[in-house]
Amino acid sequence: MRKHTREMGATALLLVLAFVHPGIAAAHGTASGEDDPCIRRVGERVVHFNAYQPQYQLKEQYCTDIPRTGETFLVVDLVDPALRSEPVGMRIVKGNGSKDSAEQLVAEIRPSSHPDGVLRSEVRLDEGLYTVTIATEKQNLMKRPQYLLRVQMTDYQKLVQTLAVPLFGVLLVAWLGYKFLRSTWLRNWWTVLRS
């Protein structure tokens with residue numbers, strides 16, 4: 001009986017830990033391939049985007065959520081070797097890229113060849129939304145890779161996830177505990193133990 005109770009308690013504890021700290025149950029390491037939010041595909045061509053703010057964090061790299069305002073290094077890796085020989089440029093505008101919003105041009109890097117496979121720019125980003133568009137002269141306008149940057153903004157989706165998942169885990173454990181305490185098995189076990 002005690003072994004069964006301990007096993008149920010251990011299982012409940014593992015469930016709570018998995019809900020509170022999902023990283024424990026998930027595989028570690030950086031995202032790669034299809035899971036990487038920094039990769040954009042246009043047909044068979046691939047580009048990879050990163051933003052750096054070495055004045056705050058020397059080695060941290062960001063893709064869509066940039067934690068602070070200020071000077072930001074934007075780096076586009078032209079993963080596809082064919083892109084290195086054709087002119088590629090980058091346009092950074094303040095706004096989310098929708099036709100309804102008034103956009104403000106922050107920086108534009110004219111299309112040119114990048115034999116080293118890296119397109120770089122340094123820009124000052126204030127708080128808000130920015131759209132980074134990577135373009136070649138040969139691409140269809142509708143198929144240009146874009147990145148939506150959120151600079152020093154609260155991501156409410158992540159906030160809800162960090163609060164809702166642990167709350168759900170606690171409620172689930174409370175419900176399981178309630179069901180366990182009200183079970184006839186526990187009452188029978190308690191009666192046997194007391195006699």
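Me: Rings of Phe, Tyr and Trp, with the six-membered ring taken for Trp, pair if their centres lie within 6.5 Å. This is a predicted model. Which residues form one aromatic cluster?

Reply: Phe180, Trp185, Trp189 and Trp190. A search of the whole structure finds four aromatic pairs. One of them joins tryptophan 185 and tryptophan 189.

Me: Why is the pair of tryptophan 185 and tryptophan 189 called stacked?

Reply: Take the distance, then the angle. The centres are 6.3 Å apart, and the limit for a pair is 6.5 Å. The planes differ by 5°. Stacked requires under 30 degrees. Therefore the pair is stacked.

Me: Where do tryptophan 185 and tryptophan 189 lie?

Reply: Both are in helix H4, residues 184–194. Four residues separate them, about one turn of the helix.

Me: Why is the pair of tryptophan 189 and tryptophan 190 called tilted?

Reply: Their ring centres are 6.4 Å apart, within the 6.5 Å limit. Their planes meet at 50°. Stacked needs under 30 degrees and edge-to-face needs over 60. The angle of 50° fits neither, so this pair is tilted.

Me: Tryptophan 185, tryptophan 189 and tryptophan 190: why is each called buried, partly exposed or exposed?

Reply: Buried means under 20% relative accessible area, and exposed means over 50%. Tryptophan 189 has 17%, so it counts as buried. Tryptophan 185 has 29%, so it is partly exposed. Tryptophan 190 has 47% and is therefore partly exposed too.

Me: What makes glutamine 53 buried?

Reply: Its relative accessibility is 1%. The cut-off is under 20%, so glutamine 53 counts as buried. Glutamine 53 sits in the loop between strand E2 (45–52) and strand E3 (61–62). Beyond its neighbours within four places in sequence, its contacts include Tyr62, Ile66, Pro67 and Thr72.

Me: How do you know that glutamine 53 and threonine 72 make a polar contact?

Reply: Their side chains are joined at 3.0 Å. The limit is 3.5 Å between N or O atoms. The value is within that limit, so the distance test is met.

Me: How do you know that strand E6 and strand E9 pair?

Reply: Pairing needs at least two bridges. Strand E6 (residues 88–94) and strand E9 (residues 128–136) have seven, in the antiparallel sense. Therefore they pair. Valine 88 stands opposite threonine 136 in E9.

Me: What is the order of the open sheet of five strands, and which are its edge strands?

Reply: The order is E4-E10-E9-E6-E7, with mixed pairing. Strand E4 (65–66) and strand E7 (104–112) are the edge strands, each pairing on one side only.

Key. Residues are numbered from 1 along each chain as its sequence is written. This is a predicted model: local features need pLDDT of at least 70, side-chain atom pairs count only at pLDDT 80 or more; totals for chains, interfaces and linings use all residues. Side-chain values use heavy atoms; hydrogens and water are left out. Helices (H or I, at least four residues) and strands (E, at least two) are DSSP runs, numbered from the N terminus. Buried means under 20% relative accessible area, exposed over 50%, partly exposed in between (1.4 Å probe, protein chains only). A polar contact is a pair of N or O atoms within 3.5 Å; within protein, one must be able to donate a hydrogen and the other to accept it, and residues adjacent in sequence count only if both atoms are side-chain atoms. Contact means heavy atoms within 4.5 Å.
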